[in-house]
Amino acid sequence: SNFYGSGTVYCPGITFYWLGITNQEGATASVVRTWSAVGAGTGAIGSGTKLFPNDTLQVVFTPAPNYEVDVHTVNGSPFASGGTLSVWSNISVVASGKILSNTFIDGDRYLTFIDNGSTFDQYRSYIDNGSGWDAF
């Protein structure tokens, strides 16, 4: 039989998942569905989008001006920007950034701290005054 008119049709047995995107200060994650086995639309999708088994997603992490991407995870694990994944569960994407060296934001100066694996190294900053270099 055919269904005409408006209403909700329930299809038992169709599995779906959800996309969650958390963009914290300094970085943005964007997600594109590049393929769907059930014919769901392709293109940019946002948090709260319904996903289907074996959908293919591409995730890109973009820093804000004066930041670099520091946290870039999918389901809690580091994930390379531009990488793709197949959907078999809910997907949680998190992006966060850290301020670049000698960045001025609202008049405040931020210096870079480099993670050397066990501690942080601080680097002194210099500025070209036209005839030499002045330390900050």
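Let me start with T49, which lies in the loop between strand 3, residues 43–45, and strand 4, and let me say at once that everything I describe comes from a predicted model. T49 is buried, because its relative accessible area is 17% and the cut-off for buried is under 20%. If you look at the side chain of T49, you will find that one of its polar atoms lies 2.6 Å from the backbone oxygen of G46. Leaving aside its neighbours within four places in sequence, T49 is in contact with Y17, W18, L19 and R33.

Moving along the chain, we come to K50, whose charged end sits over the ring of F16, 4.3 Å from the centre of that ring. F16 also brings us to the aromatic rings, and here a search of the whole structure finds 1 aromatic pair. Which rings form it, and how are their planes arranged? They are the rings of F16 and W18, with centres 5.4 Å apart and planes at 90 degrees, so the pair is edge-to-face. F16 is partly exposed, with a relative accessible area of 35%, and W18 is partly exposed as well, with a value of 43%.

Now please turn to L51, which, not counting residues up to four places away in sequence, touches F16, Y17, W18, L19, R33, I45, L57, V87 and I91. L51 belongs to the largest nonpolar core, which has 18 residues, and L51 is listed there with L19, V31, L57, V59, I91 and V93 as the residues with the most contacts inside the core. The elements that give two or more residues to this core are strand 1 (17–23), strand 2 (27–35), strand 5 (56–63) and strand 9 (91–99).

Let us go from the core to the open sheet, which has 5 strands in the order 4-1-9-6-7, with mixed pairing. Its edge strands are strand 4, residues 50–51, and strand 7, residues 77–78, each of which pairs on one side only. As a general reminder, strands of a sheet pair through backbone hydrogen bonds, either parallel or antiparallel.

How do strand 1 and strand 9 run, parallel or antiparallel? Strand 1 and strand 9 run parallel and are joined by 5 bridges, and within this pairing L19 has I91 in strand 9 as its bridge partner. Strand 6 and strand 9, by contrast, run antiparallel, with 7 bridges joining them, and here Y67 stands opposite I99 in strand 9. Strand 6, which covers residues 67–74, also pairs with strand 7 in the antiparallel sense, over 2 bridges, and there the bridge partner of T73 is P78 in strand 7.

Finally, I would like to show you two places in the backbone, and for these it helps to recall that most residues other than glycine have a negative phi. N54, although it is not a glycine, has a positive phi of about 70 degrees, and this residue lies in the loop between strand 4 and strand 5. Is N54 buried or partly exposed? N54 is partly exposed, with a relative accessible area of 28%. The other place is N75, which is not a glycine either and has a positive phi of about 50 degrees. N75 lies in the loop between strand 6 and strand 7, and at 39% relative accessibility N75 counts as partly exposed.

Notes
Residues numbered from 1 in each chain as written. Predicted model: local features only at pLDDT ≥ 70, side-chain atom pairs only at ≥ 80, totals over all residues. Heavy atoms only, no water. Core = buried A, V, L, I, M, F, W, Y, C linked by side-chain atoms within 4.5 Å. Buried < 20%, exposed > 50% of the residue type's maximum accessible area, 1.4 Å probe, protein only. Helix = DSSP H or I, 4+ residues; strand = E, 2+ residues; numbered from the N terminus. Contact = heavy atoms within 4.5 Å. Pairing = 2+ DSSP bridges. Phe/Tyr/Trp six-rings, centres within 6.5 Å; stacked < 30°, edge-to-face > 60°. Lys NZ or Arg CZ within 6 Å of the ring centre and 35° of its normal. Polar contact = N/O pair within 3.5 Å; in protein donor to acceptor, adjacent residues only side chain to side chain.
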